[in-house]
Amino acid sequence: MLYQLLYSYADQLSALNVFRYITTRTFIAFFTSFLLCWLWGPYFIRRLVHRQIGQTIRDDGPQSHKKKAGTPTMGGGLILLSTLLPCLLWVDMVNPLVWSVLLVTWGFGLVGYLDDWLKISKRNTKGLSGKVRLGAEFLISSGVIFALVKWFGFSTVLNIPFFKNVHIDLGYFYVLFSSLVIVGTANAVNLTDGLDGLAIVPVMISATTLGLFAYVTGHFSFAQYLQIPHVTGAGELAPVAATMVAAGMGFLWYNSYPAQVFMGDVGSLSQGGFLGIMAFLTHNEILMLVLGGVFVVEALSVIGQVASFKL
């Protein structure tokens, strides 16, 4: 929380007052995250190569994918590390909403890490079983949401987009509903990412939009003017979203053709969890269907392909 230390000296140096503004810290967090990811990238990739952490390719996949075997994976760890330090420096870590985002993002990242590690160590494409992975994801998301509702008074009202006067209080069923949104988003991003890291740009676009929503939702006057739910403290999520966008840009520098690294499940699940929890905290759960349209279509496509294959 470097910004708080700097802001404490604002009485001696008035220029340090800029650190009280979320917009200022959002820009600083963005550039800090991008520089960290860009600078750490070569070292991180060398460590992956040294540890022989390479991509495993399905035998029944297209032959053109075979040449990608051995490309370092688990590059999502680079994204996670590049977001954590800027958050510690430029975000209010006392805010429970910030902790919620970090817990879900890193929790889903841990699930993805275990999945990737099992795939690499066993040299197959199965990894964690679907039941174990979904169970862990639901446990993490529901635990975080329940804590917010139970001890921090987070609203359980579901808002319907484009119908400003329609509000449905789900009570504790809101925990289950929001968990479904978070887990569904995470796995949809995971399916979209596939082999080549194709999810990174849609994630950056969605994270940018959710960051704007967070800033507006957390600003009482803006929220009142736009007739959207006001969430106290949600503005602090804007710098967090900025770090995710910037880290995605830094990762894309090394993921662009010819890819030096893939993000793996540790990246796609953590980013999907991030989008899901951001949608929940800004009360945009239903709007996520539109915002994450690419992920929804991709998930439906995979479901259709699997059903066709089974039949």
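The following dialogue goes through several features of a predicted model.

Visitor: How is the length of a helix to be read, and what span should helix H7 have?

Guide: One multiplies the rise by one less than the number of residues. At 1.5 Å a residue, the 19 residues of H7, residues 200-218, should span 27 Å, and the end C-alpha atoms are 26 Å apart, which agrees. Among the buried residues of H7 are Ile 200, Pro 202, Val 203, Met 204, Leu 210 and Val 216.

Visitor: What span should helix H2 have, and where does a kink lie in H2?

Guide: The 29 residues of H2, residues 22-50, should span 42 Å at 1.5 Å a residue; the end C-alpha atoms are 40 Å apart, which agrees. The kink, of about 45°, lies at Gly 41, shortly before the proline Pro 42. Gly 41 is itself buried, as are Cys 37, Phe 44 and Ile 45, among other residues of H2.

Visitor: How is a pair of packed helices described, and at what angle do H6 and H10 pack?

Guide: Two packed helices are described by the angle between their axes and the distance between the axes. Here, helix H6 (residues 173-193) and helix H10 (residues 264-281) pack at about 145°, with axes 7 Å apart. The crossing of H6 past H10 is right-handed. On the H6 side, the residues that meet H10 include Tyr 174, Ser 178, Ile 182 and Asn 190. On the H10 side, the partners include Gly 264, Gly 272, Gly 273, Gly 276 and Phe 280.

Visitor: Is Ser 178 buried or exposed, and which residues does Ser 178 touch?

Guide: Ser 178, which lies in H6, has a relative accessible area of 0% and is therefore buried, the cut-off being under 20%. Not counting residues up to four places away in sequence, Ser 178 touches Ile 145, Phe 280 and Glu 285.

Visitor: Where do nonpolar side chains tend to be in soluble globular proteins, and how many residues has the largest nonpolar core here?

Guide: In soluble globular proteins, such side chains tend to be buried together. In this model, the largest nonpolar core has 58 residues, and those with the most contacts inside it are Phe 154, Phe 274, Leu 275 and Leu 281. A second, separate core has six residues, including Tyr 3, Ala 10, Leu 16 and Phe 19.

Visitor: Which residues is Phe 274 in contact with?

Guide: Leaving aside neighbours within four places in sequence, Phe 274 is in contact with Val 101, Thr 105, Ala 207, Val 240, Ala 241 and Met 244. Of these partners, Ala 207 is one of the buried residues of H7.

Visitor: What sign of phi do most residues other than glycine have, and what is phi of Met 74?

Guide: Most residues other than glycine have a negative phi, and most peptide bonds are trans. Phi of Met 74, however, is positive, near 65°. Met 74 lies in the loop between H2 and helix H3; with a relative accessible area of 6%, Met 74 is buried. Gln 227 also has a positive phi, near 55°, and is found in the loop between helix H8 and H9. As for peptide bonds, the one from Tyr 257 to Pro 258 is cis, with omega near -10°. Pro 258 lies in the loop between helix H9 and H10.

Visitor: What separates the C-alpha atoms of Val 294 and Ala 199?

Guide: These C-alpha atoms are separated by 9.0 Å, although Val 294 and Ala 199 are 95 residues apart along the chain. Val 294 belongs to helix H12. Not counting residues up to four places away in sequence, Val 294 touches Thr 192 and Pro 202, and Pro 202 is a buried residue of H7.

Conventions:
Residues numbered from 1 in each chain as written. Predicted model: local features only at pLDDT ≥ 70, side-chain atom pairs only at ≥ 80, totals over all residues. Heavy atoms only, no water. Helix = DSSP H or I, 4+ residues; strand = E, 2+ residues; numbered from the N terminus. Buried < 20%, exposed > 50% of the residue type's maximum accessible area, 1.4 Å probe, protein only. Bend = angle between axes of the 7 residues up to and from the residue. Core = buried A, V, L, I, M, F, W, Y, C linked by side-chain atoms within 4.5 Å. Contact = heavy atoms within 4.5 Å. Axes fitted to C-alpha atoms, helices over the stretch in contact; angles between N-to-C directions. Left-handed = near helix turned anticlockwise from the far one by under 90°.
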